[in-house]
Amino acid sequence: MRNRLIGLITLATLSAPALGIITTGDGLDLGERTFVGQFRSGTAVAVGERWVITAGHVGYRPGSSVILNGERYDTERAVPVPGADLMLIQTSRNLPGYHGLADGVDRGDRVILKGTGLVAGEGDGSSIDWSGRRASLAGENVIEGFHNGRLAIRFDAGRDALPNEATFAKHDSGSGLFIENTDGTLSLAGIAVGATGRFGQTRVGSLGIAEQISSSDRWLNAFFEAEQVLGIDELSAVPTPGTLGVLALGAGLAARRRR
């Protein structure tokens, strides 16, 4: 293994149709261990009895619903997360279950991805086209690096790939990135917000980007204990970006090749 430096990386946040899970295998069978559903043009993860979290750029409008395990849950309000592309959304009734928060992750840690976006279509060994078909699917990867509160995973193929190597695609903004606990439960470690590469295609070596979530985040713990974000007013709507936003992940994202 050797260390390498990922330099100036362009991260595309794909407006309302935002980031699906692209996987080299058939996907992981997680049974009923995940509480990940469709929200607007993206994905959301249940993190409380009546709370889900998604990418902030997915946007919120009154009357929006979360579709989880085939059932629709109306929403009541949205709260933006300060300093991150994240948004908490309250549902009008209890969800069937929710995920706890991971204590933290490190480079090389195996993670599980679960989203409701587009799945893999044709591939040529160096890239995989998006099929245009949206489905709830799970795959796996490892943590590649960190920068400014975000983490990266790298899509591999061949001998470096895991059996169900996966990354994000269209409609996966808000997808969950999980750590599997010894008892089989899944703790939320990140929320998908973007990906590198060409729109409509996942290239080998491209990165998936997620906002890191940790149980050490005081504001998040306070929110679920007191049902409020410190000093942040609730919103009735969060505007959706009208154009393709391009953000610099920045120089100095340290990473290392796996295995």
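Before we look at the pocket, a word on strands: a strand here is a DSSP run of E with at least two residues, and strands are numbered from the N terminus. What we have is a predicted model, in which local features need pLDDT of at least 70 and side-chain atom pairs count only at pLDDT 80 or more, while totals for chains, interfaces and linings use all residues. Residues are numbered from 1 along each chain as its sequence is written, and side-chain values use heavy atoms, with hydrogens and water left out.

Let me turn to the lining of the largest pocket, where lining residues are those with an atom within 4 Å of a pocket grid point. Which strand gives the most to this lining? That is strand 4, with three residues, and strand 4 (36-39), strand 7 (65-68) and strand 13 (137-147) each supply at least two.

Among the 18 lining residues, those closest to the pocket centre are Thr34, Val36, Asn69, Lys114 and Ser136. Lys114, which sits in strand 10 (residues 110-115), is buried, meaning that its relative accessible area, taken with a 1.4 Å probe on protein chains only, is under 20%. Lys114 has no salt bridge, that is, no side-chain nitrogen within 4 Å of a carboxyl oxygen of Asp or Glu, and the nearest side chain of opposite charge, that of Asp29, is 8.4 Å away. The Lys114 side chain does make a polar contact with the side chain of Thr34, at 2.9 Å, where such a contact is a pair of N or O atoms within 3.5 Å, one able to donate a hydrogen and the other to accept it.

Notes
1 Å grid on protein atoms, 1.4 Å probe; cavity = no way out; pocket = protein on both sides within 12 Å on 5 of 7 lines; lining within 4 Å. Buried < 20%, exposed > 50% of the residue type's maximum accessible area, 1.4 Å probe, protein only. Lys, Arg positive; Asp, Glu negative; His and termini not counted.
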